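Reader: Thanks for sitting down with me. Could we go through this structure together, one question at a time?

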Amino acid sequence: MTENKRLFSVYNLVIIAIFVALITVCTWITIPFGTIPFTLQTFAIFVTGGILGAKRGTIAVIVYILIGIIGVPVFSGFSGGIVKFIPNTETGMTGGYIIGFVFTTIIIGIFKNLSIERDTKTKILYVGIGMVLGDIVCLAFGTVWFWLFNPMHLGLVATLSACVVPFIIPELVKIIIALLVVTRVNNYKYI
């Protein structure tokens, strides 16, 4: 009970709300690119998991998703609603990525927790590994969702070409920048 009180203290709720806003703003920064848009959303997820850890980070991501599901336009393209999770629709093709964000945050948070008692270089390495593994999981969720529910019934190779290949370099760049941000912010004890 004491842990829940600390987790849901006013301080933590404010921090979580700030990261929900960060995810939302980064999601709105979109470059249309084929069926799957390029956004800074995963960058925000990396930063959220790397700074808040597994518990608070996951809560922030779940709150973000729930806000979007009820219709607030927090998803890419200023969209919202349950339609993002209805397969076989044009807007429902990215639902797998959004679900994958929860698991990405958990993985990054676990690796952050594993790095707590380590030196700075090892902390960066652990969080970086968590971000890479988390991104792989997110891409896997998004790709499988797209592959299973795409109305054009693309094959696996075509699906990977649409959902993974174009994003490899941008995702690595986002991970590097997120690591820099997380390393700087984690030096402060108040978060």
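Reader: How far is the sulfur of Cys-26 from the closest cysteine sulfur, and in which residue is that sulfur?

Author: Happy to start there, with the reminder that this is a predicted model. A disulfide needs two cysteine sulfur atoms within 2.5 Å. The closest cysteine sulfur to that of Cys-26 is too far for a bond, since it lies 14 Å away, in Cys-138.

Reader: And which cysteine sulfur is closest to that of Cys-163, and at what distance?

Author: Here too the separation is too far for a bond. The partner is again Cys-138, and the sulfur atoms of Cys-163 and Cys-138 are apart by 11 Å.

Reader: How many disulfides does the structure hold, then?

Author: A disulfide is a covalent bond between the sulfur atoms of two cysteines. Cys-26 has its closest cysteine sulfur at 14 Å, and Cys-163 has its own at 11 Å. The number of disulfides in the structure is zero.

Reader: Is Cys-163 buried or exposed?

Author: The cut-off for buried is under 20% relative accessible area. Cys-26, at 7%, falls within that class. Cys-163 has 0% relative accessibility, so Cys-163 is buried.

Reader: Let's turn to the interior. Which element gives the largest share of the largest nonpolar core?

Author: That core has 37 residues, and those with the most contacts inside it are Phe-19, Val-61, Tyr-64, Ile-65, Phe-101 and Met-131. Two or more residues come from each of α2, α3 (41-69), α4 (95-114), α5 (120-149) and α7. The largest share is 11 residues, and it comes from α3.

Reader: Tyr-64 is on that list. Which residues does Thr-24 touch, beyond those up to four places away in sequence?

Author: Thr-24 sits in helix α2 (residues 10-28). With a relative accessible area of 8%, Thr-24 is buried. Seen from Tyr-64, the contacts beyond four places in sequence are Val-20, Ile-23, Thr-24, Thr-27, Gln-41, Val-74 and Phe-75. Seen from Thr-24, the residues touched are Tyr-64 and Val-74.

Reader: How far apart are the C-alpha atoms of Ala-60 and Ala-17?

Author: Ala-60 belongs to helix α3 and is buried, at a relative accessible area of 0%. Outside its neighbours up to four places away, Ala-60 touches Ile-16, Phe-19, Val-20, Thr-48 and Leu-52. Ala-60 and Ala-17 are 43 residues apart in sequence, and their C-alpha atoms are separated by 6.9 Å.

Reader: Now a charged residue: is Lys-112 buried or exposed?

Author: Lys-112 lies in helix α4. Beyond four places in sequence, its contacts are Gly-49, Gly-50, Ile-51, Leu-52, Gly-53, Val-127 and Asn-186. Its relative accessibility is 17%, and the cut-off is under 20%, so Lys-112 counts as buried.

Reader: What is the C-alpha to C-alpha distance between Lys-112 and Val-127?

Author: Val-127 is among the contacts of Lys-112. Along the sequence the two are 15 residues apart, while in space Lys-112 and Val-127 have a C-alpha separation of 5.3 Å.

Reader: Which side chains meet in a salt bridge?

Author: The count comes to one salt bridge. The two residues are three apart in helix α7, so about one helical turn separates them. Both are buried, with Glu-171 at 5% and Lys-174 at 7%. The N to O distance is 2.7 Å, and the pair is Glu-171 and Lys-174.

Reader: On the outside, what is the area of the nonpolar surface patch that includes Val-165?

Author: Val-165 lies in the loop between α6 (156-163) and α7 (168-186). At 53% relative accessibility, Val-165 counts as exposed. Together with Ile-168, Ile-169, Leu-172, Val-173 and Ile-177, Val-165 makes a patch of about 550 Å².

Reader: One last region, the loop between α3 and α4: what is the phi of Phe-78?

Author: Phe-78 lies in that loop and counts as exposed, at 54% relative accessibility. Ile-82 is placed in the loop between α3 and α4 as well, and is partly exposed at 47%. The phi of Phe-78 is positive in a residue other than glycine, with a value near 55 degrees.

Note on methods
Residues numbered from 1 in each chain as written. Predicted model: local features only at pLDDT ≥ 70, side-chain atom pairs only at ≥ 80, totals over all residues. Heavy atoms only, no water. Buried < 20%, exposed > 50% of the residue type's maximum accessible area, 1.4 Å probe, protein only. Patch = residues over 30% accessible without salt bridge, like charges linked within 9 Å, V, L, I, M, F, W, Y side chains within 5 Å. Areas by Shrake-Rupley, 256 points an atom, 1.4 Å probe, with all protein chains shown as cover. Salt bridge = Lys/Arg side-chain N within 4 Å of Asp/Glu carboxyl O. Helix = DSSP H or I, 4+ residues; strand = E, 2+ residues; numbered from the N terminus. Contact = heavy atoms within 4.5 Å. Core = buried A, V, L, I, M, F, W, Y, C linked by side-chain atoms within 4.5 Å.
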